[in-house]
Amino acid sequence: MSEPLMEARAIVKHYGHVEALRGADLSVYPGEIVALIGDNGAGKSTLVKVLSGTVQPDAGEVLLEGQTVRIGSPFEAQRLGIETVYQDLALAPDLDGAANLYLGREVLRGGLLGRLGFLDDGRMRAGARAAFSELGVDLRNASNPVAVLSGGQRQSVAVARSVAWATKVIFLDEPTAALGVIQTRRVLDVIRRIRDRGIAAVLISHNMPQVLEIADRIEVLRLGRRVATFSGPGTTVNELVAAMTGGLETRGAVA
């Protein structure tokens, strides 16, 4: 196996007297889907917030391509090629898919109009169409505000926005929560296309059958620490649940 693209080593994070992370580790390799699982309070979301620059760790080390990095903010994470899709999606409901794709990264027109702040809507719409098409996202009418889209379509827009700008890693926090069967299938297909582009996708999910279906590798957190690593193929739900609840806490990593 190649060297990890991104690593968290012995990450510690306190919130007052609560120790959310107690020396947590995570390894992410290029072009793979790794699932990060654990019971409520295991530290999954906190670890992702550390790796995406939302919160700062109290101790530990983050490495990107073998080099120690300090990710001081989400903007710094984006500069490093790291994007995150949160459960609330962070979309602007009154804007269409293209405007959301370029939100915060708007393209200005050339010449005087650009210097005056006029946006190049045509170029952004063309870029959005290409991004959505590459990921198989069908919005039918791309000019509709995302508020009128289905849950799966909104989720796909959020994922496509991350894919459009990520060059290394995308974190996805419960990307199929509250979606129907067809919508879930479409989002999972988009996640697979992320992997096929050589970008690492880190999936937080409580849906164990879904994790086993899509993940190349599964890392288990319990009480703020990594307690097991599984290969996706051949692993069972019972093994994952046992690791999450302490039954397999002594099991070593499985390649």
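Here are some short exercises with worked solutions on the predicted model shown above.

**Exercise 1. Find how many helices and strands the protein has, and why it counts as compact.**

Solution. Start with the elements: there are nine helices and ten strands in the protein. Next, take the radius of gyration, which is 19 Å. For 255 residues the globule rule gives 18 Å, and the two values are close, so the protein is as compact as a globular protein of that length. To finish, look at the extent: the C-alpha trace spans about 65 × 40 × 35 Å along the principal axes.

**Exercise 2. Work out what share of the residues is buried and what the accessible surface comes to.**

Solution. Buried here means under 20% relative accessible area. With that cut-off, 47% of the 255 residues count as buried. Now turn to the outside: the accessible surface is about 12000 Å², and carbon and sulfur atoms hold 51% of it.

**Exercise 3. Describe the contacts along the sequence and the balance of charged side chains.**

Solution. Take contacts between residues at least 6 apart in sequence; 64% of them join residues at least 24 apart. Then count charges: 28 side chains are positive and 28 are negative. The centres of these two sets lie 3 Å apart.

**Exercise 4. Decide whether helix α1 is mostly covered or mostly open, and see what follows it.**

Solution. Helix α1 covers residues 44-51, and six of its eight residues are buried, so it is mostly covered. The buried ones are K44, T46, L47, V48, V50 and L51. One step further, just after α1, G53 takes a positive phi of about 85°.

Terms used
Residues are numbered from 1 along each chain as its sequence is written. This is a predicted model: local features need pLDDT of at least 70, side-chain atom pairs count only at pLDDT 80 or more; totals for chains, interfaces and linings use all residues. Side-chain values use heavy atoms; hydrogens and water are left out. Helices (H or I, at least four residues) and strands (E, at least two) are DSSP runs, numbered from the N terminus. The radius of gyration is taken over C-alpha atoms; the globule rule is 2.2 Å times the number of residues to the power 0.38. Buried means under 20% relative accessible area, exposed over 50%, partly exposed in between (1.4 Å probe, protein chains only). Contact means heavy atoms within 4.5 Å. Accessible areas come from the Shrake-Rupley method with a 1.4 Å probe; for residues, only the protein chains shown count as cover. Lys and Arg count as positive and Asp and Glu as negative; His and the chain ends are not counted. The place of a charge is taken as NZ of Lys, CZ of Arg, CG of Asp or CD of Glu.
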